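Here are a few exercises to try with the model open beside you. Work each one out for yourself before reading its solution.

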Number of protein chains: 2
Amino acid sequence: MSSSPLIEELIEAFRCLPGVGQKSAQRMSLHLLERNRQGGRRLSEVLAGALEKIGNCRQCRNLTEEPVCGICANPARERKFCCVVESPADVLAIEQAGTYRGVYFVLMGHLSPIDGIGPEQLGIGLLLERIAEGGFEEVILACNATVEGDATAWYIAEQLRDAEVAVSRIAHGVPVGGELEFTDGGTLAHAFSGRTNMKRA
Amino acid sequence: MSSSPLIEELIEAFRCLPGVGQKSAQRMSLHLLERNRQGGRRLSEVLAGALEKIGNCRQCRNLTEEPVCGICANPARERKFCCVVESPADVLAIEQAGTYRGVYFVLMGHLSPIDGIGPEQLGIGLLLERIAEGGFEEVILACNATVEGDATAWYIAEQLRDAEVAVSRIAHGVPVGGELEFTDGGTLAHAFSGRTNMKRA
């Protein structure tokens, strides 16, 4: 279609990005070639470097270029809380909220037997080891509020039943700023079953 | 914000792409690192190669890795028609419509004195030289249907007033204010067949 096989190849290569179809890939390719070659060169270099150097944190499995990630290595974090999340994007979201000061454990997915993802693939053995080492007071399960996320949270809670540690699940309910009218039934059901006492003692 | 400076750098690098903000850049970075490292490596390599090798066609200024682009080098194209467009994306759109069989001249922009873009930056000298060499029967101006595109078309028509060649402008079947790149093939075909003479008697 194009006058250049190399541009075709570049458009095809951009389609590996999430949410990028033929048209966006074409726009990205031509934008870099016509208007921002320096940005493109930088992207190529940084991407190659990141893919080569970034692996998983030895302690929490989060993505990092160091053996131990910045959060696990930070002496200011409260080591009595361990928040279990599905992905590095969840860590970013919680960090951006800025209220949590404990450490994390990143599953890199959720239980999904049909895709061959069991406890082993999620590093749950490593999580149990870390808990068994002691020091943690509470494990906060922050898996997504989906069927798979719920199943994963229940599985981990079950594994920790006999451990000397509290196990909690983050609340699911109506989002702050959200309106009841536009909240789905599942969320409302959760909001009702998770209601808290408001009456002063 | 992230636990890794290298991931921060990667997110920042992705923001050079058009239409990609902080959130999309983060999603792209984590997607490649978590799920598609091979696609990411390929993107990095193809991008570096394309930026190094792709320049402008000696005849039509379109982007290509060869001295002369695939369209100019194709003996099957009708060398009596020269279609003048603003960008390589426009060439792609017209090629995808599939009705035009002539060759192109790519201005790589439009007249915009405020940005320092005059006839020289658009290679209009090269265009006039190619027309003066003879062989062309018609120059079809397919600049965008915008104020700047119209001005550019009129400027080129004026320059060709005394040349032995017909000068036409594609019909405004293309929505006014719209851009060629985002026009469907049928509209583009109409625009070609409805072109009108632009040369003063």
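**Exercise 1. Find the order and the pairing sense of the open sheet in chain A.**

Step one: trace the sheet, remembering that this is a predicted model. Chain A has an open sheet of four strands in the order 4-3-5-6, and the pairing is parallel.

Step two: look for the edges. Strand 4 (102–106) and strand 6 (166–169) of chain A each pair on one side only, which marks them as the edge strands.

Step three: consider the twist. On average, neighbouring strands of this sheet are turned by 25° against each other, direction ignored.

Step four: zoom in on one pair. Strand 3 (residues 78–85) and strand 5 (residues 138–141) of chain A run parallel and share four bridges. Here Cys82(A) stands opposite Val139(A) of strand 5 of chain A.

**Exercise 2. Which strands of chain A does helix 6 touch, and which does helix 7 touch?**

Start with helix 6 (residues 124–132) of chain A: it packs on the sheet against strand 3, strand 4 and strand 5 of chain A. Its direction makes about 150° with that of strand 4 of chain A.

Then take helix 7 (residues 147–159) of chain A, which touches strand 3, strand 5 and strand 6 of chain A. With strand 6 of chain A, the direction of helix 7 of chain A makes about 170°.

**Exercise 3. Describe the open sheet of chain B and its edges.**

First, the order: five strands are arranged 4-3-5-6-7 in chain B, with mixed pairing. Next, the edges: these are strand 4 (102–106) and strand 7 (196–197) of chain B.

Now find an antiparallel pair. Strand 6 (residues 166–169) and strand 7 of chain B pair in that sense over two bridges, and Ser168(B) stands opposite Asn197(B) of strand 7 of chain B.

**Exercise 4. Is Ser29(B) buried or exposed?**

Begin with its place: Ser29(B) lies in helix 2 (residues 22–35) of chain B. Its relative accessible area is 0%, so Ser29(B) is buried. Beyond its neighbours within four places in sequence, Ser29(B) is in contact with Leu10(B), Ile11(B) and Phe14(B).

**Exercise 5. At what angle do helix 1 and helix 2 of chain B pack?**

The angle between helix 1 (residues 5–14) and helix 2 of chain B is about 120°, and their axes are 8 Å apart. Helix 1 of chain B is therefore oblique to helix 2 of chain B. The crossing is right-handed.

Finally, inspect the contact: among its residues are Ile7(B) of helix 1 of chain B and Ala25(B) of helix 2 of chain B. The residues divide into nine nonpolar, three polar and no charged.

Methods
Residues are numbered from 1 along each chain as its sequence is written. Chains are lettered from A and ligands numbered from 1 in the order in which they are written. This is a predicted model: local features need pLDDT of at least 70, side-chain atom pairs count only at pLDDT 80 or more; totals for chains, interfaces and linings use all residues. Side-chain values use heavy atoms; hydrogens and water are left out. Two strands pair if DSSP finds at least two bridges between them. Buried means under 20% relative accessible area, exposed over 50%, partly exposed in between (1.4 Å probe, protein chains only). Contact means heavy atoms within 4.5 Å. Axes are lines fitted to C-alpha atoms, for helices over the stretch in contact, and angles run from 0 to 180 degrees between N-to-C directions. Angles under 35 degrees count as roughly parallel, over 145 as roughly antiparallel, 65 to 115 as roughly perpendicular and the rest as oblique. A crossing is left-handed if the near helix is turned anticlockwise from the far one by less than a right angle, and right-handed if clockwise. Ala, Val, Leu, Ile, Met, Phe, Trp, Tyr, Cys and Pro count as nonpolar, Asp, Glu, Lys and Arg as charged, and the others, Gly among them, as polar.
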